[in-house]
Amino acid sequence: MEHELVKEGDQVVFHREGWSRVFQIRKKRQVYLDKTKLDVDALIGQPYGSTFEVDRGKLVKVEAAAAKQLAIGETSSDPGMDNRNLLDLDSNQRMSKEDIMKMKDEGATGQKIIEELIENSETFKMKTEFSQAKYLKKKKKKHIPVFTVMRPTPRLVMDIFSKDPAKICYLRGDSLSQLLSYSNVMYGSRVGVVDTCQGLVLACLLQRIGDAGKIVQLIPNSTNAVCRQVMDYLGFPKFLDNVYSFPLDELSLLNDETHNLSPGSETCGNTETTSVCETSAAAEQLEETTSDTERSEGHGQGSLISNGNNGAATQNSEEAMDNTETLDSEMPGEIVDADKTDTEVKVGEKRLLGPNRERQRQQREERQREAGEIMKEKLDSLVLACKYNPTPILMQMLTFLHPSSSVVVYCQHLEPLVECYTRVKENHAGLQLKLSETWYREYQILPQRTHPKINMSGTGGYLFTFITSQRSSD
Amino acid sequence: MSFDSSKHIVDYGDTVLLYIGYDNMLPVVIEEGKTHQTKFGAVKHDELVGKQFGTRFQCPRGWIYILRPTPELWTLSLPHRTQILYTTDISMVVFQLDLKPGSIVAEAGTGSGSLSHAILRTIAPTGHLHTFEFHKERSEKARQEFHQHGHAECVTVTHRDVCGDGFQLDHIVDAVFLDLPKPWECITSAKKAIKKQGGRLCSFSPCIEQVQRTCEELSAQNFTDIVTMECLARHFNLQYAKLQNVSFEPNKTCLETKASEVETESEPPVKKSSVISSNKDKVGDSDVHQFTSAVPAINMPGHTGFLTFATLTYH
C-alpha cells in the first residue's frame, strides 16, 4: 500500500509551519480551528500528507500544485522600486474591518477577500516585489487557513505547546532532543522518569524503548494523578503493560528493603505508607518537594489533569477529579473547548469505576509492587523533567541506577541544576558532569533575503547530564 | 554488543572506554593478553574482564573508570577520520527526522560514524541505516566499527559517491541525511529514496551559500516545511566566586580593594566547603560576598553548520 489513509479513531495532527493541533478523528465530531467550527468527518479515507483549506466551515482538499501556489506569494508584474513614496496613512486601505467581516458573512472565499484588499490598497502597487510577497504571505495566512494532515510525531506534537510553553516547563525541541540523546534510551531500556510536561517526555521515551523496555514514572505520591495527555496524542493506548507508576513518598521503603531485607521480599506491596516515610530525613526532604509542587500547581498550569490514561491514574481519577475540574477551568480555553467531548467521556468512566474500586486498588498495588521490583533490579537511565526541586529526587534515585548509567536532569531554571551538580560532585556519584543550555536560531532562506528570523526563543531551559560511577562507599 | 545498555559486565571483544578524566576517554577493544598504556600506567585487559561497567580501576599511578560506550561518549572519543558532527546537532537531526525503532534511514557521507552511532541506537533493532561514503578506506573502517559495536544487522555501508551515482534506493526510507559539499545535486536521488507515504530530509552545511542553493532545490522539488536552523551548546563551569564588599561607614579601615576573585577549576569541580570557611575567617563574613556561580565558557565554538529540514508528502 502506497498511502496511509486517515481512519476513524486515529489521532491526527493539523499542521502548518510552526503550528499544530491534534484531534482524534471520530464520526460527527466537530472541532474548533481558528474560531471556526469544523466537521472532521471529511478527513476519513484521505491519505496522510494531504493539504486542506478551511472554506466557510468546510474542509476542502487542496491539490499539490495549488498548495504550492498558496505557499509562495505570487506578485504582480510591475512592482515599485523602493518605499520613498509610501506614506503611513490609515486611508491606504479603503476596506474596513467591517467590510471584510461582511464579505466573510456573505460567503466570500479567502482568495476573493485578498483580491479585494489588493484592489483597495493605495500602496500595494508601489511596494517592492519583496514587500508585495511579504504582504501576500501575511494576508494568506490570515484569510486562507490551510493545513496539512499528518500522523503525530513528537516533533509535530511539540508545536501544540508553542503558544503555551509553560505547560511543558519551557522545554524546547533542541533541549528535548538532547535530553533524549544523553539519556541513552534505546529499544529495551529500563528507564525511570519524572515528567510534569503533560507526558511529553514520557511519550518520547516510550516511543524509543519500543515494546521491549520498561518505564517507571515516578510521581509525588499515590493519590496524585499524572497527566499523560501527550501519550494520547501520539496514539499510545490508555493502558500499557510496560509503563508503571511509583510514588516517590514510598521510595524510602524500597531503600530500607534493599538494605535490610532479602531481595525479592514481598512486603513492598504495602501502599499504606504515610507513617513509614516520616522516619528518614530523606523522606522529609521529599515532603518538602511535594508541598512545593502543590504550591506551583496551584498556579493553574494544569499539570494535575487526570486523563485516566493507565491503571494507576484511572483509579485516582475519582480523587483527582475534584482538583482537576478547578484546574481545567484555569487552563487557557483553547484545548479544553475542543476536547469537551473527551471530558464528558471521562465523567462517564468515573461513574463506572465505583463498584470496581477494590479490585482496581489491588491491581494498582500489584503494578506498584512490580515497579518496585524493576527499580530494585536497577534502571539503565534516569530522566527528570519536572517542576519539582530535582536535587532530592535525584539523590534518592541514584541507588536505583547501575554504574555507567545515563542521567539527565532538565530544569527551566539554572540554579536547581547548580545544586544537583554540586551534590553529585560532592558524593563522587558521577562522571562527565555537564551543565548546559542551547542557543537556538532559525533562518529565513529566500533569494536575496536570507537572514536570521526576526524573533528567536530566549531560553529552552537547562540540562544537567552525567554518567553514574561506582560510588566510593560501594 | 558493547553499546547495549543491558550489558553490565566487561567481556573479551567488548569496546570499552577508559575514562581518564573529563572529556578524556580512550576507546579500547578488550583482547586476551593485551596491555594498554595510559597516563596513569599500564592497564592489563585480562584484569578488566568480569568487571562491572562504571567501576573504578586502580592503575599504577592513579584511578581510571571503565565505561560502557554510548553514542555521546563515542562522539567524544572516536578516532577522527573526518570533521564530525557533535551531540547538539546530532540530537536535533535524530529528533527532527522523527526517528524511532524501526525507521529506515539513508545517510551520506558516513565520515567517522559519529552521527551513525546515534541513528543506530534510535532505530535498532528493527530499523536500518543505509550509509554511503565516497572514501574507500573510511567506508571500510566504518563497517568494521559497526560490526565491532554490534550493529552489523542494522547497517549497510556502501562505498559510493552519492553526488554522482545517487542513493540507488527505490522509495524505501523514512528519512535522508545529507552532509555533502553539494547537497542540492542529491535532492532528486534523495526524493527517490524516500517512501511513497512521504518522509523527512535533513541537510547539514557549514556555509550559507550551500543552504541557499539547497533550499531553492528542495522547494523546486516540492518539499514543504523547509526550516533552517542553527544550535549551539553553551556549557557552564561551576565556580566559587568572591566579591569584595565596600563599606559605607566612614573611618573604617579601608580594605584592600581587590578585583573580583574567582577560583577557576578544570573539570568545574566544586571545592570543599572548608576552603571557603578558611577564607571567610581571614576577611570576615560581611566584607566578602561569596557565591556559587555557573559561568559560561569564555570561548566556545560559534559555528558548526546550518541544519535544514524538509518534509516530503504526496497528496
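**Exercise 1. How many residues of chain A are in contact with how many residues of chain B?**

Solution, step by step. Keep in mind that this is a predicted model.

- Begin with the count: 59 residues of chain A touch 59 residues of chain B.
- Next, look for the elements behind the side of chain A that touches chain B. Those supplying at least two residues each include the helices α1 (64-71), α6 (173-182), α7 (200-209) and α17 (415-426) of chain A. The strands β12 (401-411), β13 (430-444) and β15 (462-468) of chain A do so as well.
- Then pick out the main contributor: β13(A) gives the largest share, twelve residues.
- Finally, sort this side of chain A by class, which yields 18 nonpolar, 26 polar and 15 charged residues.

**Exercise 2. Find the strand of chain B that pairs with β13(A), and work out the sense of the pairing.**

Solution, step by step.

- Follow β13(A) across to chain B, where its partner is strand β12 (residues 224-244).
- Compare their directions: the two strands pair in the antiparallel sense, over nine bridges.
- Now zoom in on one position: A:Trp439 has B:Leu232 in β12(B) as its bridge partner.
- A reminder for the bench: strands of a sheet pair through backbone hydrogen bonds, either parallel or antiparallel.

**Exercise 3. Trace the five-stranded open sheet in chain A and name its edge strands.**

Solution, step by step.

- Read the order of the strands in chain A, β2-β1-β7-β5-β6, with antiparallel pairing.
- Identify the edges: β2 (19-24) and β6 (58-62) of chain A each pair on one side only.
- Check the turn between neighbours, which averages 35 degrees when direction is ignored.
- Take one pair from inside the order: β1 (residues 11-16) and β7 (residues 146-150) of chain A are joined by three bridges in the antiparallel sense. Here A:Phe14 stands opposite A:Val149 of β7(A).

**Exercise 4. Describe the overall make-up of chain A.**

Solution, step by step.

- Count the secondary structure: chain A has 17 helices and 15 strands.
- Turn to burial: 43% of the 474 residues in chain A are buried.
- Look at the contacts in chain A with a separation of 6 or more: 73% of them link residues 24 or more positions apart.

**Exercise 5. Where does the predictor's confidence in chain B fall below 50?**

Solution, step by step.

- Start with chain B as a whole: its mean pLDDT is 90, and 89% of its residues reach 70 or more.
- Locate the weak stretches: pLDDT is below 50 over residues 256-266 of chain B, and it stays under 50 over residues 268-281 of chain B.
- Close with the complex, for which the predictor gives an ipTM of 0.91 and a pTM of 0.83.

Terms used:
Residues numbered from 1 in each chain as written. Chains lettered and ligands numbered in written order. Predicted model: local features only at pLDDT ≥ 70, side-chain atom pairs only at ≥ 80, totals over all residues. pLDDT = per-residue confidence, 0-100. Helix = DSSP H or I, 4+ residues; strand = E, 2+ residues; numbered from the N terminus. Buried ≥ 20, exposed ≤ 12 C-beta atoms within 10 Å, placed from the backbone. Contact = placed C-beta atoms within 7 Å. Nonpolar A, V, L, I, M, F, W, Y, C, P; charged D, E, K, R; others polar. Pairing = 2+ DSSP bridges. Axes fitted to C-alpha atoms, helices over the stretch in contact; angles between N-to-C directions.
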